Amino acid sequence: MKIERIETERLILRKFKEQDLQDLYEYLSDDEAVVFEPYESMNYEEVQNCLAKRMESDEFLAVEEKMGGKMIGNIYIGDRYAESVEIGYMFNRKFWKKGYAYEACSRVCEYVFQQGVHRIEANCDPLNEASWKLLERLGFLREGCLQKDNYFRKDEKGRPVWKDTYIYSKLNTPVGRDCSEIRELEIKMWEAAKKRDKKAFLKLVSEDAVMVCGGFRCTGAEYARIIEEFDCKEYRISDFEVVARDSEFIQVHYQITTSVNEEANQDLAGTFHITTTWKRYGEEFKVVFNMDR
């Protein structure tokens with residue numbers, strides 16, 4: 001798919017150009033940045049050849065930071081069968097954990113769906129936790145795991161180093177921002193946490209739900225015990241959006257800004273990105289997955 005230029009609040013997504021050489025070399029020569037890529041870190045000449053190919057390709061978008069004009073990463077969008085595309089992404093390690101990948105990928109997904117694409121798919125190494133968490137935050141659903149289906153490298157004896165692959169997809173469905181019922185349930189869940197009401201919390205959250213908070217993973221039942229020591233003075237939900245839904249599940253994403261009562265708990269205050277998956281149980285919904293970032 002040919003995309004000439006897209007802008008977000010902080011980024012410009014555009015075609016590669018000759019002036020990107022040094023910025024591209026900065027992350028393609030980084031062993032840690034390419035550890036999950038199908039190639040080793042590159043020398044300067046290899047990056048030159050890579051840049052030339054990307055400048056001619058319609059499948060790669062350079063990601064430029066508006067402030068400073070530095071090229072900090074790239075998005076891959078490749079055409080697939082049956083009105084589908086595949087998405088991939090890679091960013092300079094110095095710009096990780098700043099929300100740039102989410103900002104760039106969410107805008108690209110929005111754009112390709114506007115062009116009539118039916119499905120976006122993505123493949124991810126299960127060991128690349130940051131990558132598959134990003135996909136889930138973007139509203140992609142994991143379809144399955146292919147076991148030892150591929151390899152990029154060989155060991156010192158020349159034997160393939162086989163790896164598993166997570167398969168993700170996101171469909172072009174009319175989800176939008178209008179889902180007042182689920183928004184109200186999210187508010188009830190936060191009210192229960194704020195009031196440290198374990199019983200009310202478990203009316204909304206499945207006991208075996210997967211809860212990921214600050215990188216710590218636990219079940220819904222375990223999280224219900226944690227909220228007995230929860231410290232939340234006030235909270236505000238914004239940018240609420242339904243990102244995926246079918247007859248059984250609804251996945252939402254939003255931002256929550258919190259303040260705390262105790263100075264010692266300031267690490268719990270701030271603005272966080274939340275992804276929640278609600279599952280239908282008869283006439284009711286319950287949380288089966290919740291993650292902050």
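**Close-up 1. Contacts of isoleucine 75 in the predicted model.** Isoleucine 75 touches Leu13, Glu59, Phe60, Leu61, Val63, Ile87, Gly88, Tyr89, Phe91, Ala104, Cys105 and Val108. Residues up to four places away in sequence are left out of this list.

**Close-up 2. The largest nonpolar core.** This core has 35 residues. Leu13, Ile75, Ile87, Phe91, Ile120 and Phe140 touch the most other members. At least two residues each come from strand E2 (11–14), strand E3 (60–65), strand E4 (71–79), strand E5 (84–91), helix H3 (100–114), strand E6 (119–124), helix H4 (129–137) and strand E8 (160–171). H3 gives the largest share, nine residues. Another core, of 30 residues, lies apart from this one. Among its members are Ile182, Cys218, Ile227 and Val252. In soluble globular proteins, nonpolar side chains tend to be buried together.

**Close-up 3. Helix H3 and the residue turn after it.** H3 has 15 residues. From first C-alpha to last, H3 reaches 21 Å, close to the 21 Å expected at 1.5 Å a residue. Its buried residues are Tyr100, Ala101, Tyr102, Glu103, Ala104, Cys105, Val108, Cys109, Val112 and Phe113. Just after H3, glycine 116 takes a positive phi of about 100°.

**Close-up 4. The buried side of helix H1.** H1 spans residues 21–28. Leu21, Asp23, Leu24, Tyr27 and Leu28 are buried. These residues cover an arc of only 165° around the axis, which puts them on the same side of H1. An α-helix has 3.6 residues a turn, so residues three or four places apart point the same way. The buried residues of H1 pack against helix H2 (44–56), E4 and E5.

**Close-up 5. Alanine 82 in the loop between E4 and E5.** Is alanine 82 buried or exposed? Alanine 82 is exposed, because its relative accessible area is 57% and the exposed class begins over 50%. Tyrosine 223 is 141 residues away from alanine 82 in sequence. In space, the two are 42 Å apart, C-alpha to C-alpha.

**Close-up 6. An open sheet of six strands.** The strand order is E10-E9-E14-E13-E12-E11, and the pairing is mixed. Strand E10 (216–219) and strand E11 (234–245) are the edges, each pairing on one side only. Neighbouring strands are turned by 20° against each other on average, direction ignored. Helix H5 (residues 180–194) lies across E9, E11, strand E12 (249–259), strand E13 (270–281) and strand E14 (284–292). H5 runs at about 140° to E11.

**Close-up 7. Pairing of E9 with E10.** Strand E9 covers residues 205–213. E9 and E10 run antiparallel, joined by four bridges. Cysteine 213 has phenylalanine 216, in E10, as its bridge partner.

**Close-up 8. E13 with its partners E12 and E14.** E12 and E13 run antiparallel, with 10 bridges between them. Threonine 276 in E13 is the bridge partner of valine 252. Valine 252 also belongs to the core of 30 residues. E13 and E14 pair in the antiparallel sense over eight bridges. Here isoleucine 274 stands opposite aspartate 292 in E14. E13 and E14 form a hairpin, with two residues between them. In the turn, glycine 282 has a positive phi of about 65°.

Conventions. Residues are numbered from 1 along each chain as its sequence is written. This is a predicted model: local features need pLDDT of at least 70, side-chain atom pairs count only at pLDDT 80 or more; totals for chains, interfaces and linings use all residues. Side-chain values use heavy atoms; hydrogens and water are left out. A nonpolar core is a set of buried Ala, Val, Leu, Ile, Met, Phe, Trp, Tyr and Cys residues joined through side-chain atoms within 4.5 Å. Buried means under 20% relative accessible area, exposed over 50%, partly exposed in between (1.4 Å probe, protein chains only). Contact means heavy atoms within 4.5 Å. The expected span of a helix is 1.5 Å times one less than its number of residues. Two strands pair if DSSP finds at least two bridges between them. Axes are lines fitted to C-alpha atoms, for helices over the stretch in contact, and angles run from 0 to 180 degrees between N-to-C directions. The arc is that of the directions from the helix axis to the C-beta atoms.
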